[in-house]
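These are my notebook entries on a structure I went through element by element. I record below what I looked up, in the order in which I looked.

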Amino acid sequence: MNHSTVRKDFPLINRLPLVYLDNAATSHKPQIMLDALQQFYADTYGTVHRGLYALGENATTNYEQARTTVAQFINTTAENIIFTKGTTESINLVAASWGIAHLKTGDEILLTEAEHHANLLPWQWVAEQTGAKLVFIPLDHSTFLLQNPASYLSAKTKLVAITMNSNVLGPIWKAGDLAKITQLAHQFGALVLLDAAQAVAHQPIDAQALGADFIVFSGHKLFGPTGSGVLYAKYAIQETMQPYQRGGSMVYEAWFDHASWQHGPQKFEAGTPLIGEAIGLAASINYLQTTVNWQTLHEHETSLCRQLVTGLAAIPRVTIVGNKELLASNGHLVSFVVQGIHAHDIASMLGTRNIAVRAGHLCAQPLVRALGHESLVRVSVALYNTAAEIDIFLHELSETIALFNHLVERP
């Protein structure tokens, strides 16, 4: 896998004079995915599970094949895959369909202090509705690692909902801790939800090895279309959950005064489902499976992160927010602050120089606030980024800081 030539598979990245380093927010799209969407809508479009004609039947076949493709990608079977609009909807589905029905006063939901809003706000709502209590695994603010995560489990814990990688800090788990907490949670009788949004494009996700009951991720961070997402939910657990939304497609039988539901994933895919999005996501997954060697990708991205950590550490007034050692050995993003300059000003100025980075609280406002910051700058890499781009970013960042310093010091 040559990461310079891989760029040619991504037409917008390849065409624009742009250093795109906002991949933790969303990734760009390979031509093969764009072609799959074009072919579906232009040549084979039809609705699914209804049309008794060739277009409808072909659409159904392609849609359900996409489900199988996703399932195989994370080492499970199709009955465990529910299509959603993204990570946020996947978590809200679990919260509404499982959390409200199964949690009560005295129960505990275990989160980490590093959760994205998408894996915090739904559980705040569930706690308000059920009387359950939120418990947070604390973050060591000097090492940026979770402190003794397994010690926060108890007989009261009914759900553990945790991120695999922080979208602010990158790696936050000590070696073995993520697997340990999943195993212990099950011993306590709790279910486990893993937020894989910041992991799925950077490492293999094996549902069997991870052992979680729910796994969620977004297609648009996996080089797929926006509006595509996945909820892995064990089929046996699906059977204990009520539908998140009700309407067409998910109905088995309906009367004027009551109705019954389909089984499995269809029960949670009301209305006309996300057909094109699912097909596009499957195309992106097929692209990755034929193009990417995970070990090579890991080496490439961590090399870029080491370059970032080393370069940022050499720039005066820049402070990296995250565990530098882990970022250099297992990272794909780096967040930082510049003393005396707002993160939005840094990102805005870099934007005028054709460099795309992210700035703000990164949809993790409680975490950023707890770390003593208002706003951060985040740089994040993907398979199509190069060492030359990191050099350009570091140079332009230094120039940007020097410019702001000059403006402040000018009489």
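Entry 1, a helix pair. I looked up the handedness of the crossing of α5 and α6 and found it right-handed. The model is a predicted one, and every entry here is to be read accordingly. I then took the geometry of the pair: the axes of α5 (residues 87-102) and α6 (residues 121-130) come within 9 Å, and they cross at roughly 20 degrees. Because angles under 35 degrees count as roughly parallel, I entered α5 as roughly parallel to α6. Next I asked which residues of α5 and α6 meet. On the α5 side I listed I91, N92, V94, A95, A96, G99 and I100; on the α6 side I listed P122, W123, W125, V126, Q129 and T130.

Entry 2, R7. I located R7 in the loop between α1 (3-6) and α2 (11-15). Is R7 buried or exposed? I found a relative accessible area of 14%; R7 is therefore buried, as the cut-off is under 20%. I then followed the side chain of R7 and found that it reaches the backbone oxygen of Y384 at 3.0 Å. I also noted a polar contact of 3.0 Å between the side chains of R7 and E389. Leaving aside neighbours within four places in sequence, I listed the contacts of R7 as I13, N14, L18, Y384, N385, T386 and E389.

Entry 3, nonpolar cores. I looked up the largest nonpolar core, which holds 71 residues, and noted that L169, L222, L383 and Y384 touch the most other members. Helix α10 (residues 275-291) supplies the largest share of this core, eight residues. I recorded a second, separate core of 30 residues, with C305, L312, V338 and I390 among its members.

Entry 4, S335. I placed S335 in strand β12 (residues 333-338). I entered S335 as buried, since its relative accessible area is 0%. Where does a polar atom of the S335 side chain find a backbone oxygen? I found the backbone oxygen of V168 at 2.7 Å from that atom. V168 also appears in the contact list of S335, which, leaving aside neighbours within four places in sequence, further includes T319, I320, V321, L362, L376, V377 and R378. I noted 9.7 Å between the C-alpha atoms of S335 and V309, 26 residues apart along the chain.

Entry 5, A254. I found A254 in strand β9 (residues 251-254). I entered A254 as exposed, because its relative accessible area is 55%. From A254 to L184 I noted 42 Å, C-alpha to C-alpha, with their positions 70 residues apart in sequence.

Terms used. Residues are numbered from 1 along each chain as its sequence is written. This is a predicted model: local features need pLDDT of at least 70, side-chain atom pairs count only at pLDDT 80 or more; totals for chains, interfaces and linings use all residues. Side-chain values use heavy atoms; hydrogens and water are left out. Buried means under 20% relative accessible area, exposed over 50%, partly exposed in between (1.4 Å probe, protein chains only). Contact means heavy atoms within 4.5 Å. A polar contact is a pair of N or O atoms within 3.5 Å; within protein, one must be able to donate a hydrogen and the other to accept it, and residues adjacent in sequence count only if both atoms are side-chain atoms. A nonpolar core is a set of buried Ala, Val, Leu, Ile, Met, Phe, Trp, Tyr and Cys residues joined through side-chain atoms within 4.5 Å. Axes are lines fitted to C-alpha atoms, for helices over the stretch in contact, and angles run from 0 to 180 degrees between N-to-C directions. Angles under 35 degrees count as roughly parallel, over 145 as roughly antiparallel, 65 to 115 as roughly perpendicular and the rest as oblique. A crossing is left-handed if the near helix is turned anticlockwise from the far one by less than a right angle, and right-handed if clockwise.
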